[in-house]
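Biologist: Please take a close look at a single part of this model. I should like the cut-offs behind each term to be stated as you go.

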Amino acid sequence: MTELILKTSQSHSKRMLKDKLASFVVGFGGILVIFAIALIFFYFLYVVIPLFQSADQQKVAEYTLPDQGRILALSMEEQTEVGVVFSSKANVRFFRTDTGKVIKSKQLPVPQGVRVSSFNQTDFSGSSVLFGLSNGQAIVLKYKYIDTYPDDKRLITPHIELPLGEEPIVVDQQGKALVKLAYQDGEDEATLVALTADKRLLMVHFTRQTSMLDEEVTIERNYYTLPVPSHDIDYILLDNNQRYLYLISRKGDMSFYDVGDKSSSRQVQQLRLTTRAEVTAVRFLTGDISILVGDSKGTISQWSVVPDEFHQPRIKRLRQFTGDMKGRITDIAIEPARKGFLAIDDRGYMGLFHTTAHRTLLVNKISDGGLLHASMAPRANAALIVNNKGQIQFIRLHNEYPEISWQALWGKVWYESYTKPEYIWQSSSASDDFEPKFSLTPITFGTLKAAFYAMLIAIPLSIFGALYTAQFMHPGMRQLVKPTIEIMEALPTVILGFLAGLWLAPFVETHLPGIFAMLIIMPIGILLSSFAWEKLPVSVRHAIPEGWEAGLLLPVVILLVWLAIRMSPSMELWWFGGDMRSWLTNDMGIGFDQRNAVVVGLAMGFAIIPTIFSIAEDAIFGVPKHLSNGSLAMGATTWQTLIRIVLPSASPGIFSGVMIGFGRAVGETMIVLMATGNTPVMDFSPFEGLRTLSANIAVELPEAELGSSHYRVLFLAGLVLFAFTFLVNTIAELVRQHLRQKYSNL
């Protein structure tokens, strides 16, 4: 007896040890899962947080160059090691940006007794410079930097050339001083626009021709006189396509000209830029589509060429920055590769801004006196600024992701060349002056749209199928049907996406009337078949064992599908003139893409039906039999028992199945990648395509530059998907627990 008790005690101890070990392993595994999820979340945050950091600056040096006249403009090369200054004495000086040491100087060939009366520098390339002279002539120069590596050390050598000849070119044949200038130089042509001292507006068009025999280049000049607007001209801008000309006065009047056809230039529009302030600085934004206008009150506004309802160019204000700068705007420097800019004022403040994001990145006071001129490095990582004492400040800038803001990510943005603010995702372009469009709204909308149409198909089929399978189907048939549906979940989604994109999408387009006819024919046909079955003799109906009747619907369903598809061409001919797609587009104004939400709903609905069906069927079948038997014993019908007893008891499991299916639909990648067309549009129409968060990440992440704004925004999209899934699952669990507690007393 004692030995038996001892063995029992040892067995109990071993069992307790195993239970504790199993509990520890399961608990430790759960902690590891939570830790892994938290690690993923924090890694996403680590990649995303730099997007929202403010800009920073650091003054490196401050110096004064030898006096060679008043500074008109300055710039620096890409490595920020060498800068250049242009002076009112037609002198060009290259210097070290960190010390101010002059490394090269060149005096331009200005005739004796003639002075520099105007100046112009191309905003973006910064390599074309124009000096207007008091005798009606002009000097055009271009400069560049040549990198060499003697002794394995980089040596930057400035080089100057005069592309239109060594001698000054004649702009005004009457010899009047050129007081305002604009110039653009292209590959085969160049255009110069000048305002003379006696208020005439002249244009000179240069055409380069290369001889086929000796490759000698000749330059042909054509002179034109442009109509002068009714207001004063204090600023002249000519875009890099040499088509649009802007004439602006300090009082805020603008005249907009089309000079694309040089022989018949015309004024397109005249408008007012400001009414309560004086225009003090005007610059093109990168790409020459927009201009930035700074005024005496510290406001900077962006004006852009926008097509009107007749597709004619018109100038409209897109946005403005108000209240950030403290004084009169004295100069605006443009980022050559982005839609950002630097502004300075007469109170010593410098500000960094980005137009698309409508974001003020930095405003700091850098000088006790006023600031006169500013220039940004080609990589926007440094700036040269001249104050009113003639001193030059060399400043390092840290401004990695200026194009990102909550407004740019989630709000409507008025992009250049668009007629109104819109939600746009377009991360790349072949153009160097492209304006990135990083709105997450259309792809988030596409994610929810795809999930909605998939659930619209999957929920009724899976839940009603689960109800019938668990409550009415014969056990033998259930053992066949349930594993068959569950094994559908093993189908690779890439195969489903492949079939949806290459077979289902063209099939739906070709048989569109038949697809929608199924929505009517199928329920009516099944109801009529059921009615006919009930009217058959009892002996015939009893020949089929109870619970096997659903098998008789298979040929009915196949017949109805065949009938709808067979009738599709005839219905399309009778009701839609032989082309339902054209009828939708032309008569109803509804766009139609071959790979659309209908195709996604069918394919992804098919993919998530097994998930919802399996969980819901287990929940319904798992309802204790004594509950349903007790209800039937009390006189309730089968349907009353199902609705009032079975469904409430199984509701937590059914709801879990639906939410798990919804989570899979939201996170699905391959089906939406191959069956949607990947068009990030915000249109709830079932005939339009879409792009989801997961598909967008899969498509663009391999091509995104490591550490770029595009790369980090894609991680932000993943973080949004992660957070959305976590939120939905949390809410689903809370609802499930509430339902379980509510119906636990049944």
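Modeller: The account that follows concerns one helix, its course and its packing partner. The model is predicted, so local features require pLDDT of at least 70 and side-chain atom pairs count only at pLDDT 80 or more, while totals for chains, interfaces and linings use all residues. Residues are numbered from 1 along each chain as its sequence is written, and side-chain values use heavy atoms, without hydrogens and water.

Helix H3 covers residues 441-471 (a DSSP run of H or I, at least four residues, numbered from the N terminus). Its 31 residues, at 1.5 Å a residue, should span 45 Å (1.5 Å times one less than the number of residues). The end C-alpha atoms of H3 lie 43 Å apart, which agrees with that expectation. H3 nevertheless has a kink of about 30° centred on Met455 (the angle between axes fitted to the seven residues ending there and the seven starting there).

Met455 also belongs to the contact with helix H12 (heavy atoms within 4.5 Å). From H3, Thr447, Ala451, Ile459, Ile463, Leu467 and Gln471 take part as well. H12, residues 638-667, contributes Leu642, Val646, Leu647, Ile654, Val658, Gly661, Phe662, Ala665 and Val666. By class, the residues of this contact are 13 nonpolar, three polar and no charged; Gly counts as polar.

The axes of H3 and H12 are 10 Å apart and meet at an angle of about 145° (lines fitted to C-alpha atoms over the stretch in contact, with angles from 0 to 180 degrees between N-to-C directions). The crossing of H3 and H12 is right-handed (the near helix is turned clockwise from the far one by less than a right angle).

Notes: Helix = DSSP H or I, 4+ residues; strand = E, 2+ residues; numbered from the N terminus.
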